[in-house]
Structure formats: structure tokens, C-alpha cells
Amino acid sequence: MRGYVKRVTQKIDKFSKEQLASLLGDMASEIENYDSIMESLSAGIIIVDKDYRLLQSNRVSENQLNFSAHLDDTNPGTVPLWELIDDADIADFIKNCAQKGTTNSSEDFSVVNEAGNVRFLNIQINPLVKNCDLCGRVILIRDVTDKKNQDVLAHRMENMANLTNLAAGMAHDIKNPLGAISIHIQLVQKALEKARANNDVLPAKKFVEDHIDVVNEEIEHLNRLVMDFLFAVRPVNATLQLKDPAVLIKNIADFFKAEFNRFNVGVEVVSNSSQRIMVDEKLLREVIMNLSQNALAAIKSKFPECNIERKSDDDSAFKGLFKIECNTNGIKYVIKISDNGIGMDSQTVSRIFEPYFTTKANGTGLGMTMVYKIVKEFSGEIQVESKEGRGTVFTLTFPLPQDNTKLLK
């Protein structure tokens, strides 16, 4: 039909009624075929003019997005598309593309359907060209939830592969307390046998209690080992959504900033990006809180004055510094978390993510293991650089939700 209608209209005055009726029938059939194709596609399609007013859409697009009006009504075509979309993030994305004159752009979004399930949508804006002129936009909406879930599952399977080494370490740790319990129970048994052979004269009360105290201590130790092991191997229950980490991190930092300032430690959060990535807000908070508390301990170890509460009228510069920087490098989202604390030697750095490894007297050795697991659950990577006496830098990198497409304007 391409070019056919144009040629026909040039000779329309020469057509008979029968020919016109046949032509209209052919055109109606072509339009029906076109509509059938639109409705048969698995992706949602919305076609808008240069002002982003609705021209045409299929049912899939309306099922995937929440609209304030039905797209087949006559009124929606009189206002910009973003005013019809209930989701604020998606509406802002389309509005920004319209204001910037973007002709090629793609971004991922998370939405919650009526059943309360999180779905992930990729929205791509392409140019609509007619006679080599830009006359509107074609907006494609694809559900990428299955792909996202497969990526998460792949990372979880990778984490499960590490459980063999963790279980081997756990077996070794259990062996020592069991040996101690066995020895002390045997000593108590021998004491009781001796008592029976000596007219039931029991040994000194303190003698028995000492052995029983050791047994109880070792049992408590075993209980802690088992609980810590379960904590370490339990799958991370992450509910991933597209969020701006910089906004979340600023809110988290505001929570502990007063405590840090009270101990002469400054807190800085710097962000040069408003990019959204796949994270779980609660688990991200756990990562930041864990790293911040480790940083505070490192700073207190270096600066004695950071162990004393700062006077409220003290306006001098903070001795310690805890800093978080959020940025993108084109292909990754990067979060740098640094402190000017006492730092770590190379051996400690090499073992910092190992389960049960700790440099603290009362540490469980699982905090950094959980940080590592959470970052991996977000499909990210974590690296650490540290110099004794100078401080530590943790670098967390996460994949961007879509390839950075060069915008054509």
C-alpha cells in the first residue's frame, strides 16, 4: 500500500462509484490488518505526535502502564502523554524527553501491579519519520521482569557455590568446642566414679562447678556458631526496585550524622548523578550502616579525641571524615565510601570478606560477609583499598539498568 493511496488520490476524480467503493474496502481491510498487528504484539506501543499528544496505542500498553484515562477515548489526545500516566518516574522520563527533543532513549522502570507484584518495564522512545521529516515518536514498552529475575537467580546460584567452603570452616569451628565438652564431661564422670568407690564422698563443690561452667560456655559458643552460620548462609531476601541510590544514601547518612559529629567525625555525601539502579532500600541501608560503623571504629582508633564527645559550642574542623560519593562512569554506577581512619594492612584487606574473620574483640566476623552478599545480590562488585594510618576506600559498582544510548536530536 506504500505510495498506492497517494497515486490513487491524484486520479480520484476519474474513478467510478464502484471503483471508489472497492478502493475504500481495500483501505479498510489494510487498516484492520494494521490494527490486528498492533494488538498482536507482545510489546506495548504508543504513537504520539511532535507535541507528545496521543495518536494511537495498543491494548498491551494500557495493561502495562497505569493511565488516568482510557487511551481509546477521544479526550486523551488533547493533552501531552505524560499527563495521562500515573507513575511519576515514567511520566517525568517522557516529559524530559519531550522537553529535550530526544529522539532515541531507553530506560528501565519498576512498577507495582494490582496484585502487589513488582514488574520491570523497559521504555524506549524512537523517532516517527514521515517523508524524511520527524513527525512524532513511537514509544515501545516491554516487560523485562523474567530477564531481571533470571539475572538475580544466576547470582544466587553463584553465591550457593561458595557454601562448600563455608560449611567446611563451620565443621572445623564446631569440632573444638565439642572436644572441650567431651573432656570436661569425662572428668566429671571420673570424679563421680571415684566418689562411689569412696563411700559416695563427692569431690569439692567448686571442682564440679568448674567443669560444668566450661561445658555451658562451650555449649553457648556452639549455639553462637550455629546461629551465625545460619545467618551467613541464609539467602538474601531482596525485593529489587529501580531507585536512586544517592537519595537513599543521603537519608541514611542524615540518620547517623549527628552521632558522628558528636564524636568529632564529619559526614559528607556527594552526588553527581540522579541515575536509578536495581536495589533493595532496606538492604542498601544495612550495607551503608555496616560500613559507616566500621569507619567510625577505625577513625576512633586513629584519633583519641574522637573517643570523647565534642562540645556543642565547638566550631573547629572535624578531626575524622566519613565520605560517600555517588557517580556514573558511563557503564557502571559507582559508590565510593571512604574514611581517614587507621586503615588496614594488606593481609587484613585480603581476608575482610571471609566469614568469621574479624579484627574486633567482640566482632562476629559476618558483617562484611553480609555486605558482600548484598552487593552481589544487586549484581554489583565491591573492592577495598586501604593504607595503614591513612584510611580505607570501599568502591561499590553496579550495572546501569540499560545501555547508554547516544541521544540523537
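Residues are classed by relative accessible area as buried under 20%, exposed over 50% and partly exposed in between (1.4 Å probe, protein chains only). The structure is a predicted model, in which local features need pLDDT of at least 70 and side-chain atom pairs count only at pLDDT 80 or more, while totals for chains, interfaces and linings use all residues. Residues are numbered from 1 along each chain as its sequence is written, and side-chain values use heavy atoms, with hydrogens and water left out.

Helices (H or I, at least four residues) and strands (E, at least two) were taken as DSSP runs, numbered from the N terminus. Strands were considered paired if DSSP finds at least two bridges between them. An open sheet of 5 strands, paired antiparallel, follows the order β2-β1-β5-β4-β3. Because β2 (54-57) and β3 (105-112) each have a single partner strand, one side of each is left without a neighbour in the sheet. On average, neighbouring strands of this sheet are turned by 25 degrees against each other, direction ignored. Within the sheet, β1 (residues 44-49) and β5 (residues 133-143) form an antiparallel pair over 6 bridges; Ile45 has Leu140 as its bridge partner in β5.

Helix α2 (residues 17-40) packs on the sheet and touches β1 and β2, its direction making about 75 degrees with that of β2. Contact here means heavy atoms within 4.5 Å; axes are lines fitted to C-alpha atoms, for helices over the stretch in contact, and angles run from 0 to 180 degrees between N-to-C directions. Helix α4 (residues 88-100) lies across β3 and β4 (118-130) and runs at about 160 degrees to β3.

A salt bridge was defined as a side-chain nitrogen of Lys or Arg within 4 Å of a carboxyl oxygen of Asp or Glu, and the count by this rule is 9. One of these joins Glu107 and Arg276 (2.8 Å, N to O). Glu107 lies in strand β3 and Arg276 in the loop between β7 (265-271) and β8 (277-279), so the pair ties together parts that are 169 residues apart in sequence. Both residues, Glu107 and Arg276, are buried.

Lys250 and Asp254 form a salt bridge with their closest N and O atoms 3.4 Å apart. These two residues are 4 residues apart in helix α8 (residues 245-262), which means a separation of about one helical turn. Lys250 is partly exposed at 45% relative accessibility, and Asp254 is partly exposed at 44%.

A salt bridge also links Asp314 and Arg310 (3.8 Å, N to O). Asp314 is partly exposed at 33%, whereas Arg310, at 15%, is buried.
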